[in-house]
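Visitor: I should like to learn how to read a structural model feature by feature. Could we take the general idea each time, and then the case at hand?

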Amino acid sequence: MPLELGLKPVSSAYVAIGWENMGDLSKITPTREAFKDRVTTTHPETKPGAVPGAAGVLYRFAVEMQIGDVVIYPSKPDRMVNIGVVNGPYSYDPDRHAEYPHVRPVKWLTSLPRTTFSQSALNEIGSAITMFRVAANADEFLAAMEGKEFEASDIDDVSAETVSAQVEESTEDFIIKRLKTSQTPYQFEHFIAHLLKCMGYHSRVTQASADGGVDIIAHRDELGFEPPIIKVQCKQILSTIGRPDVQKLFGAIEREEKGLFVTLGSFSADARTFEQTKPNLRLIDGSALIELIYEHYHQFEPRYQMLLPLKRSYIPGPINSLVD
């Protein structure tokens, strides 16, 4: 029973869930038994043991959820935790999105990076269940919604063994937070330069005081004479980078050069659209950076393996799924 993913629910002020074959949930008698019967009728392939869970999510979404209730929506594409309040009744709207026809309007109040919260809080909202009640860490999310300070245990205190035993998302949180809090922006540039070296490039970090928006120069040959020359900009930030910043880097690129923009956060839709029109430009967000780190981690110098103490381990998941 998927929750609609991506940034659209936030920008359009709603949350929506699937199970489109259920039809209008407001037409079902508002009891859990009636919802179970509808699930069994519309989805006969559902195993009997799974029916109560599916019906319970649908019942909570359509019946139990009330105007004024707080909603927490962890958005994976931009690694933000969005918090808001329900400000309208349930509606059945298959025209909005055929796969997610069950809708609740939401007034979003704040969006914060995942690294703002304790690992316990992140683990709780990482449940595989589409919709559930937050219990153990509710105070932390309410404080964040109200803009109050709150204590969030630092995941940097977690040992490498513990981190390696976490699910993939927890490991990604660990990596992003280490790169954000355990380095200066200039040290982050050196980290990216080292990653490029592991990928087969010669690279040098420009002077910190006058880099003109270009932080790293990379090239394939040792002397740096042979094209292509790659100009890299690094942003050690968790927020979304827009098109103007990307255009600024592109303006520093000569005809036969390449541009690479690396950030811990994400890029706006306009920035991505601009990238698609420029074959010599590549945008690397936090998620793509993590994939490159996984791929080349075995080549890292000891100091960078100490910065990101990862351990290869297998976790339950899809076939051939392997997480570092």
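Guide: Certainly. Please bear in mind that this is a predicted model. We may begin with a helix and its surroundings: among the elements that cover the buried residues of α5 are β2 (70–75), β3 (80–86), β5 (102–113) and α4 (119–125).

Visitor: Which residues of helix α5 are buried?

Guide: The general idea is a cut-off: a residue counts as buried under 20% relative accessible area. In helix α5, which spans residues 138–145, Glu140, Phe141, Ala143, Ala144 and Met145 are the buried residues.

Visitor: What is found just after α5?

Guide: Gly147 is found there, and this glycine takes a positive phi of about 75 degrees.

Visitor: How should I read a sheet, and what is the strand order of the open sheet of 5 strands?

Guide: One reads the order of the strands, then the edges. Here the order is β6-β7-β8-β10-β12, and the pairing is mixed. At the edges stand β6 (202–205) and β12 (281–284), each of which pairs on one side only. On average, neighbouring strands of this sheet are turned by 20 degrees against each other, with direction ignored.

Visitor: In which sense do β7 and β8 pair?

Guide: Their pairing is antiparallel and extends over 3 bridges, strand β8 being formed by residues 230–235. Within this region, Ala218 stands opposite Ile230 of β8.

Visitor: Which strands does helix α8 touch where it packs on the sheet?

Guide: Helix α8 (residues 185–198) touches β6, β7, β8 and β10 (258–263). The direction of α8 makes about 175 degrees with that of β6.

Visitor: Let us take a single residue of strand β7. Is His219 buried or exposed?

Guide: His219 belongs to strand β7, residues 216–219. Its relative accessibility is 8%, so His219 counts as buried. The side chain of His219 also reaches the backbone oxygen of Asp221, at 2.7 Å.

Visitor: I turn now to charged pairs. How many salt bridges does a search of the whole structure find?

Guide: The search finds 9 salt bridges. For each pair, one may ask where the partners lie along the chain and how accessible they are. Consider Arg32 and Glu64, which form a salt bridge with their closest N and O atoms 3.1 Å apart. This pair links distant parts of the chain, since Arg32 is in helix α2 (residues 32–42) and Glu64 in helix α3 (residues 51–64), 32 residues apart. Arg32 is partly exposed at a relative accessible area of 36%, and Glu64 is partly exposed at 34%.

Visitor: Where do Lys36 and Glu33 lie?

Guide: Both lie in helix α2, 3 residues apart, which is about one turn of the helix. Their side chains meet in a salt bridge of 3.3 Å, N to O. Lys36 has a relative accessible area of 25% and is partly exposed.

Visitor: Which parts of the chain does the pair of Glu257 and Lys231 link?

Guide: The side chains of Glu257 and Lys231 meet in a salt bridge at 3.1 Å, N to O. The pair links distant parts of the chain: Glu257 is in the loop between α9 (243–251) and β10, and Lys231 is in strand β8, 26 residues apart. Glu257 is buried, with a relative accessible area of 14%; Lys231 is likewise buried, at 14%.

Visitor: Which residues are linked in a network of salt bridges?

Guide: The network links Arg79, Arg114, Glu172 and Asp173.

Conventions. Residues numbered from 1 in each chain as written. Predicted model: local features only at pLDDT ≥ 70, side-chain atom pairs only at ≥ 80, totals over all residues. Heavy atoms only, no water. Helix = DSSP H or I, 4+ residues; strand = E, 2+ residues; numbered from the N terminus. Buried < 20%, exposed > 50% of the residue type's maximum accessible area, 1.4 Å probe, protein only. Polar contact = N/O pair within 3.5 Å; in protein donor to acceptor, adjacent residues only side chain to side chain. Contact = heavy atoms within 4.5 Å. Pairing = 2+ DSSP bridges. Axes fitted to C-alpha atoms, helices over the stretch in contact; angles between N-to-C directions. Salt bridge = Lys/Arg side-chain N within 4 Å of Asp/Glu carboxyl O.
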